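Student: I would like a close look at one part of this model, beginning with a pocket and then following its surroundings. Please take the time to connect one part of the description to the next.

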Amino acid sequence: MNIKVYTVGGGTFSKFMVAIQCILSNINNVNKINNIYIDIDRKRICRIRHKNISENPFNYVLDQKDIGGKNLNVLHASPSGVYQDIINHKDLNKLRIICSKIKIKKSIINMVNPKIDPDTIGVHVRLTDMDQVHPIYGKSTTQKYITKINNVLDNKKRKIFVASDNDNSIKIIKKNFNIMFNNVSNRHKNETGNGYMEYLRSRSVDEQLWVDSFLEMLSLSRCGELIYKISSLSITSIIFSKTIKKTYKP
C-alpha cells in the first residue's frame, strides 16, 4: 500500500503531525503501508503564512518517492488536535509504525551529536510565540525549565541536550548547566514572540530551516528523558524515539 498525503498547518512539524494523524485516521492496518509521500496542499495552505510555496519542502528532509499505481491512497489532511500526553497515548505504537515507514535523509541523521544517548536529559524550550498562538497550554519561562532540570537531575551528574526556539534561553541555561546544543538557524534572538512568527513565515520553504528543525527533533529523540512544553516538534521526537522513557512538563 502506498500513501500520498497532502498536508496543511503552521510550522514544519505542525504540517508533519497533521499528515501523520491523517494517515492514522484513514488507514486501518498501518503495517501494510509500504511507502509514504508527504506534500504541501498548495490549494489549502495559508498563503499569508506561506508565501511563494511552490516546491515540496519535505523533500529537503525526507528520502521519499512519489509512487503512483492502483495501490495508491491519496489523503487530504486537516488539523485534528495536539497530543497532550503522547508518551501514554493509546495510538503511540501505531504512530511509531507509520513513522517507521518514513525515511529521514542520512545527511541529517549523520549530523546528530553522537554524545547524545539514553543517559541524556533532553530539553525542548518552546517559548516565543506560544503564549500568543497556544495560550491554552499555559505560560512558561526559561527559569521554569531550569527548575525542572534541577528536579530531574536530583543532584546526579547527567548529560543535558537543549533544543530551543530562541538563543537567549540557551545562554541562560548554559550559565546554569553544562549542556549540549546544536548550532542551528531556526531560533529567535529573544524569548518573547515579537517578530518570531513573521520570521518563520518568511522562511517557510527555506531548506536550512527544515534541515535544522529535523536535526533538533532527531537530537531530542536520542535522549532517555524529555522535558518539554507541548509542541509538534517535541511530540514528533517522542514518536521517532526508541529511547525516551520518561517525560516532564516545565
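Tutor: What follows begins at the second largest pocket and then moves to the helices and loops of the model.

The model is predicted, and the second largest pocket in it holds about 340 Å³ of space. Its lining is made up of 16 residues, and those nearest the centre are Leu-218, Ser-221, Phe-240, Ser-241 and Lys-242. By class, the lining comprises eight nonpolar, four polar and four charged residues. Three helices, namely helix 2 (92-100), helix 8 (207-221) and helix 9 (232-240), each contribute at least two residues to this lining, and helix 2 gives the most, with three.

Of these helices, helix 9 deserves a closer look. It is mostly covered, nine of its nine residues being buried; the run consists of Ser-232, Leu-233, Ser-234, Ile-235, Thr-236, Ser-237, Ile-238, Ile-239 and Phe-240. Phe-240 thus appears both among these buried residues and among the residues nearest the centre of the pocket. The partners against which the buried residues of helix 9 pack are helix 1, helix 2, strand 4, helix 8, strand 6 and strand 7 (246-248), and among these partners helix 2 and helix 8 also help to line the pocket.

The loop between strand 6 (225-228) and helix 9 contains Ser-231, a residue that is buried, with a relative accessible area of 8%. Leaving aside residues up to four places away in sequence, Ser-231 touches His-124 and Arg-126, and with the first of these partners there is a polar contact of 3.3 Å between the side chains of Ser-231 and His-124.

Helix 1, another packing partner of helix 9, covers residues 12-26 and includes Gln-21; Val-18 has its place in helix 1 as well. Val-18 counts as buried at 6% relative accessibility, and Gln-21 is buried with a relative accessible area of 8%. Beyond residues up to four places away in sequence, Val-18 is in contact with Thr-7, Val-8, Ala-77, Ser-78 and Pro-79, whereas Gln-21, counted in the same way, touches Ser-80, Gly-81 and Tyr-83. The side chain of Gln-21 also places a polar atom 3.1 Å from the backbone oxygen of Gly-81. The C-alpha atom of Val-18 is separated by 18 Å from that of Gln-64, which is 46 residues away along the chain.

Strand 4 leads from helix 9 to helix 6, since the buried residues of helix 9 pack against strand 4 and strand 4 (120-125) is included in what covers the buried residues of helix 6. That cover also includes helix 5 (142-153) and strand 5 (159-164). In helix 6 (residues 167-176) the buried residues are Ser-169, Ile-170 and Ile-173. They lie on the same side of helix 6 because the arc they cover around the axis is only 100 degrees. An α-helix has 3.6 residues a turn, so residues three or four places apart point the same way. On the other side of helix 6, Lys-171 and Lys-175 are exposed. At the start of helix 6, a side-chain oxygen of Asn-166 comes to within 3.2 Å of the backbone nitrogen of Asn-168.

Helix 5, which takes part in covering helix 6, contains Leu-153, a buried residue with a relative accessible area of 9%. Apart from residues up to four places away in sequence, the contacts of Leu-153 are with Ile-121, Arg-158, Ile-160 and Phe-177. Leu-153 and Tyr-228, 75 residues apart in sequence, are 15 Å apart in space from C-alpha to C-alpha.

The loop between helix 5 and strand 5 holds Asp-154 and also Asn-155. Asp-154 is exposed, with a relative accessible area of 52%, and Asn-155 is exposed too, with a relative accessible area of 82%. Most residues other than glycine have a negative phi. In Asp-154, however, phi is near 50 degrees, a positive value in a residue other than glycine, and Asn-155, likewise not a glycine, has a positive phi of about 65 degrees.

Notes
Residues numbered from 1 in each chain as written. Predicted model: local features only at pLDDT ≥ 70, side-chain atom pairs only at ≥ 80, totals over all residues. Heavy atoms only, no water. 1 Å grid on protein atoms, 1.4 Å probe; cavity = no way out; pocket = protein on both sides within 12 Å on 5 of 7 lines; lining within 4 Å. Points joined across faces, edges and corners; volume = space filled by probe spheres on them. Helix = DSSP H or I, 4+ residues; strand = E, 2+ residues; numbered from the N terminus. Nonpolar A, V, L, I, M, F, W, Y, C, P; charged D, E, K, R; others polar. Buried < 20%, exposed > 50% of the residue type's maximum accessible area, 1.4 Å probe, protein only. Arc of directions from axis to C-beta. Contact = heavy atoms within 4.5 Å. Polar contact = N/O pair within 3.5 Å; in protein donor to acceptor, adjacent residues only side chain to side chain.
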